Amino acid sequence: MSNLKRYLAYDKSVRAIVIDATDMVQKIRDIHNLSNLATAALGRVMIVSAMIASTLKDEDNRLTVQIKADGPLGSVVVCANKSLEIKGYIQGANVELPLNKEGKLDVSKGIGMGTLTVIKDIGLKDPYIGTCELLSGEIGDDFAYYFNVSEQTPSVVSVGVLIGKDGNVAKAGGYIIQPLPDCDEKIIDKLEQINVKIPSMTTLMSEGRSIDDIAQNTTGDNNIESVYEHNVEVKCDCSIDRIKNTIIALGKKEAMDILKEQGVLEISCRFCNKKYRFNEEQINEIFNK
Ligand SMILES: [Zn+2]
C-alpha cells in the first residue's frame, strides 16, 4: 500500500504533504508494462496528482491532470478522487531514451514542450480548470510553476522515481510544501533555504527515512503536526456505460465498419486495459437510445 500524510508546520502557517508511492508506481508499471522512462514520467505525475487529490474538499470531487506535449512520451492523463483512488495513462508506454548528463532517466526530453492542465470537478456547474506551459518537463518543476502562476500558491514540489537494478520500482515518492496565507516571510525564506540543500526524495527514502522524518527535514519544523493520513490505491472506475459513451463518440458508421471488419467491436479501457466487447445488436441498441 502506498501511504500519504498531510501536516501543518510552524503553528499552522505551512502545509506539507508527503507520499511514499513505491507500490503505486510499481502497480501502474505492471498494468501498462511501462518502460523505465515511462514509469518515471507517469509515476511522477501520479505522485503529485495524489497529493493534490488529498486536498479536495468533498467525497464526490474529482481531479484530472493532463500533459499535452511534443516529446516521444506523448500525452499523459491521470485521474484521482478524494478517496485517493487513482488511475493513469501515458501514450508512449514503451519509449526509452539514453540517460541524461547526470546519468538519470531523461524525463524532460521524453515529455518535451507543451502544457500542464489541472481540472478539479468540485460539484459546481463548471469545473475549475488551471493551465500553464511546461517549464522543464521534469514534472516537479512544472507543478511548482503551475501552483505559482495558476493557483498563486508558491510551493516547493519534489518528486522522484528510482528504478532498481532488478527492473522494479525501488523507491518512489514526493512532497509538496506550501506556505498558507499570512505565513511569515522569514519562514518562507527558511523553507527556500532548506529546500535548495535537501537531497532528492528518493535519496531521503533510500536513507530509510519515514514519511514523518521527511516532513520534519523538508520543513525544518520538529513540532510538525500530522493532520491526515490515507492509503493511495491504483483503481479504475471504468464501466460499460462509460465505454458506451466512447462508442457514441466514435459514431454509428465507424462502429459498424469495425464490427464488419473484425466480427466484434472491442474497446479497451486505456487506464486498466479491461476489454469490453459489443455485437451488432448491442451497438444498434446504443444508437437507438
Ligand atoms: Zn478501466
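**A ten-stranded mixed sheet and its helices**

In this predicted model, 10 strands form an open sheet. Their order is S7-S6-S3-S4-S5-S10-S1-S2-S9-S8, and the pairing is mixed. Strand S7 (128-133) and strand S8 (156-163) are the edge strands. Each of these two pairs on one side only. Neighbouring strands of the sheet are turned against each other by 15 degrees on average, direction ignored.

Two helices can be placed against this sheet. Helix H1 (residues 22-32) packs on the sheet. The strands that H1 touches are strand S1 (2-9), strand S2 (14-20), strand S5 (85-90), S8, strand S9 (169-179) and strand S10 (225-234). The direction of H1 makes about 125 degrees with that of S9. Helix H4 (residues 140-150) lies across S6, S7 and S8. H4 runs at about 120 degrees to S7.

The buried residues of H4 are Gly140, Asp142, Phe143, Ala144, Tyr146 and Phe147. Their cover includes helix H2 (36-53) as well as S6, S7 and S8. Just after H4, Gln152 takes a positive phi of about 50 degrees.

Strand pairing was examined next. Strands of a sheet pair through backbone hydrogen bonds, either parallel or antiparallel. Strand S3 (residues 62-69) and strand S6 (residues 114-121) run antiparallel and are joined by eight bridges. Across this pair, Lys68 stands opposite Thr115 in S6. Ile67 in turn stands opposite Leu116 in S6.

S3 is also joined to strand S4 (residues 76-81), by six bridges. These two strands run antiparallel as well. Here Arg62 stands opposite Asn81 in S4. The hairpin of S3 and S4 has six residues between the strands. In this hairpin, Gly74 takes a positive phi near 70 degrees.

The residues of S3 divide between two faces. In a regular strand the side chains alternate between the two faces of the sheet. The covered face of S3 holds Leu63, Val65, Ile67 and Ala69. Its uncovered face holds Arg62, Thr64, Gln66 and Lys68. Ile67, the partner of Leu116, thus belongs to the covered face. Lys68, the partner of Thr115, belongs to the uncovered face. Arg62, which stands opposite Asn81, is also on the uncovered face.

S10 takes part in both senses of pairing. With S1, S10 pairs in the antiparallel sense over seven bridges. Leu4 stands opposite His230 in S10. With S5, S10 runs parallel, and two bridges join these strands. On this side, Ile86 stands opposite Val234 in S10.

At the level of the whole chain, the domain assignment gives domain 1 (2-234) and domain 2 (240-288). The centres of the two domains, taken over C-alpha atoms, are separated by 35 Å. Four residues from domain 1 and four residues from domain 2 make the contact. On the side of domain 1 that touches domain 2, the largest share, three residues, comes from S5. By class, this side has two nonpolar, one polar and one charged residues. S5 thus contributes to the domain contact, is touched by H1 and is joined to S10 by two bridges.

Methods:
Residues numbered from 1 in each chain as written. Predicted model: local features only at pLDDT ≥ 70, side-chain atom pairs only at ≥ 80, totals over all residues. Pairing = 2+ DSSP bridges. Helix = DSSP H or I, 4+ residues; strand = E, 2+ residues; numbered from the N terminus. Axes fitted to C-alpha atoms, helices over the stretch in contact; angles between N-to-C directions. Contact = placed C-beta atoms within 7 Å. Domains from an automatic or database assignment. Nonpolar A, V, L, I, M, F, W, Y, C, P; charged D, E, K, R; others polar. Buried ≥ 20, exposed ≤ 12 C-beta atoms within 10 Å, placed from the backbone.
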